[in-house]
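Colleague: Thanks for sitting down with me over this one. Could you walk me through the model, beginning with whatever I need in order to read the pocket values?

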Amino acid sequence: MSTNDTYLAVFTSNKSSPRSQAWYAMSDEERRAKDEEGLAALKAWDEDHKDAIVYEGGPLGPTKRTSPDGVADVVNELTVFVVVRVASHEAAAKMFEGHPHFTIFPCDAVDVMPLLGSDPDA
């Protein structure tokens, strides 16, 4: 497969969405239980898709934006990312249907886009 088959998947989460508000309204005990459930589901998803995962990625932290105006702290909806290699853009998007990040954790969606440019394996 070429880089035309490599996709960046970025999970998004709006901190003011009802899903996020419900997550943070849980007690610490409830959230810990959900975390355990979600981490087990993520491990199973990773195992099921290990042949397609190029880079496991991970959670994204606080953001600094550099612009012509300088450097500033900003808040965006980018939460987690992973890089996968599959036969098509459609296949890449479909592999995230029912993903634990939005069936258990409070992510809202996953944006899947092709990585363009030279082949990193070349």
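Modeller: Happy to, and a definition comes first: a pocket's volume is the space filled by probe spheres set on the grid points. Please keep in mind that this is a predicted model.

Colleague: With that in hand, how much space lies in the second largest pocket?
Modeller: Its lining includes Trp23, Tyr24, Phe105 and Pro106. The space within the second largest pocket comes to about 190 Å³.

Colleague: Which element gives the most to the lining of the second largest pocket?
Modeller: Two elements give two or more residues to that lining, helix 1 (18-25) and strand 5. By class, the lining divides into 6 nonpolar, 4 polar and 2 charged residues. The top contributor, with 3 residues, is helix 1.

Colleague: And what volume does the largest pocket have?
Modeller: Here 15 residues form the lining, and those nearest the centre are Leu42, Glu56, Gly58, Val80 and His101. Of the lining residues, 9 are nonpolar, 4 polar and 2 charged. The volume of the largest pocket is about 250 Å³.

Colleague: Which strand gives the most to the lining of the largest pocket?
Modeller: Helix 2 (28-48), strand 2 (53-59) and strand 5 each supply at least two of the lining residues. With 5 residues, the one that gives the most is strand 2.

Colleague: Let's turn to threonine 79. Is threonine 79 buried or exposed?
Modeller: Threonine 79 sits in strand 5 (residues 78-85). Beyond its neighbours within four places in sequence, its contacts include Phe11, Thr12, Pro59 and Cys107. The cut-off for burial is under 20% relative accessible area. Because its relative accessibility is 17%, threonine 79 counts as buried.

Colleague: Which residue's backbone oxygen does the side chain of threonine 79 reach?
Modeller: Threonine 79 also appears in the lining of the second largest pocket. Its side chain comes to 3.2 Å from a backbone oxygen, and the residue that carries this oxygen is glutamate 77.

Colleague: Strand 5 also holds valine 82. How far apart in space are valine 82 and tyrosine 55, C-alpha to C-alpha?
Modeller: Valine 82 counts as buried because its relative accessibility is 7%. Leaving aside neighbours within four places in sequence, it is in contact with Tyr7, Leu8, Ala9, Ile53, Tyr55, Glu56, Gly57 and Phe96. Valine 82 and tyrosine 55 are 27 residues apart in sequence, and their C-alpha to C-alpha distance is 6.0 Å.

Colleague: One last topic, the hairpin. What is the bridge partner of arginine 65 in strand 4?
Modeller: Strand 3 (residues 63-67) and strand 4 (residues 70-74) are paired antiparallel, over 5 bridges. The two strands form a hairpin, with 2 residues between them. Across this pairing, arginine 65 has as its bridge partner alanine 72.

Technical notes:
Residues numbered from 1 in each chain as written. Predicted model: local features only at pLDDT ≥ 70, side-chain atom pairs only at ≥ 80, totals over all residues. Heavy atoms only, no water. Pairing = 2+ DSSP bridges. Helix = DSSP H or I, 4+ residues; strand = E, 2+ residues; numbered from the N terminus. Buried < 20%, exposed > 50% of the residue type's maximum accessible area, 1.4 Å probe, protein only. Polar contact = N/O pair within 3.5 Å; in protein donor to acceptor, adjacent residues only side chain to side chain. Contact = heavy atoms within 4.5 Å. 1 Å grid on protein atoms, 1.4 Å probe; cavity = no way out; pocket = protein on both sides within 12 Å on 5 of 7 lines; lining within 4 Å. Nonpolar A, V, L, I, M, F, W, Y, C, P; charged D, E, K, R; others polar.
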